[in-house]
Amino acid sequence: MALLELHHTTGSEGYREAALRVLDFLRGCAGVFESPMAHKVARAAAMAGDAETARRIADFLVSQQRETGCYQEDPEAMDSIDQTAEIAVWLLQIQRELDPPVPSPAVEPPGPRVAG
C-alpha cells in the first residue's frame, strides 16, 4: 500500500511497478486467499486495480463473519470487538477503492428573493 501511495503522491511509475511486483509475489503465496490476515493484501490489490484479487480475499473475509457479527469464535473475547472493527474498516476501504462513491451534485440553498 505504501508503494502505491508513493506512486499516487509522486507520480513515479517505479513505485507502482514495485508494488505490482510485490502483489504478484503475494498472489503466489500459499493460503493468501484464505487468510484472515490478508486484508492488507486485498486493499493493496484494490488500490492497484486488481479487483479479482481484492474481491476474492474480501469475499473470504466476509464468509468468516459469525452470526453474532464478529469474526472470532468467542464474541466476548477481549480482541473480538477490535478485530471485527479492523476487518470492517479494511472491507470498507477495499470497497471504496473498487467502487468509489459518486459525489452528489452540489445543491445551493435558496437565496433571498428580490421583489421586483
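Contact here means heavy atoms within 4.5 Å. With that in hand, a good place to enter this predicted model is I57, which touches V32, F33, A38, H39, V41 and A42 once residues up to four places away in sequence are set aside.

I57 also belongs to a wider picture. The largest nonpolar core holds 22 residues, and I57 is listed with L4, L23, V41, L61 and L91 as having the most contacts inside it. Two or more residues of this core come from each of helix 2 (13–27), helix 3 (39–47), helix 4 (51–63) and helix 5 (80–98). Helix 3 supplies the largest share, six residues.

Helix 3 therefore deserves a closer look: eight of its nine residues are buried, so this helix is largely enclosed by the rest of the structure. The buried positions are H39, V41, A42, R43, A44, A45, A46 and M47. Among these, H39, V41 and A42 are also touched by I57. As for the surroundings, the buried residues of helix 3 pack against helix 1 (2–10), helix 2, helix 4 and helix 5. After helix 3 comes G49, with a positive phi near 85°.

Aromatic rings offer a brief last topic. In general, a pair of such rings is described by the distance of the centres and the angle of the planes. Here, the count of aromatic pairs comes to zero, taking ring centres within 6.5 Å as the criterion. F33 does have a charged partner, however: R56 lies over the face of the F33 ring, at 3.8 Å from its centre. F33 is also one of the residues that I57 touches.

Terms used: Residues are numbered from 1 along each chain as its sequence is written. This is a predicted model: local features need pLDDT of at least 70, side-chain atom pairs count only at pLDDT 80 or more; totals for chains, interfaces and linings use all residues. Side-chain values use heavy atoms; hydrogens and water are left out. A nonpolar core is a set of buried Ala, Val, Leu, Ile, Met, Phe, Trp, Tyr and Cys residues joined through side-chain atoms within 4.5 Å. Buried means under 20% relative accessible area, exposed over 50%, partly exposed in between (1.4 Å probe, protein chains only). Helices (H or I, at least four residues) and strands (E, at least two) are DSSP runs, numbered from the N terminus. Rings of Phe, Tyr and Trp (its six-membered ring) pair if their centres lie within 6.5 Å; planes under 30 degrees apart count as stacked, over 60 as edge-to-face and the rest as tilted. A charge sits over a ring if NZ of Lys or CZ of Arg is within 6 Å of the ring centre and within 35 degrees of the ring normal.
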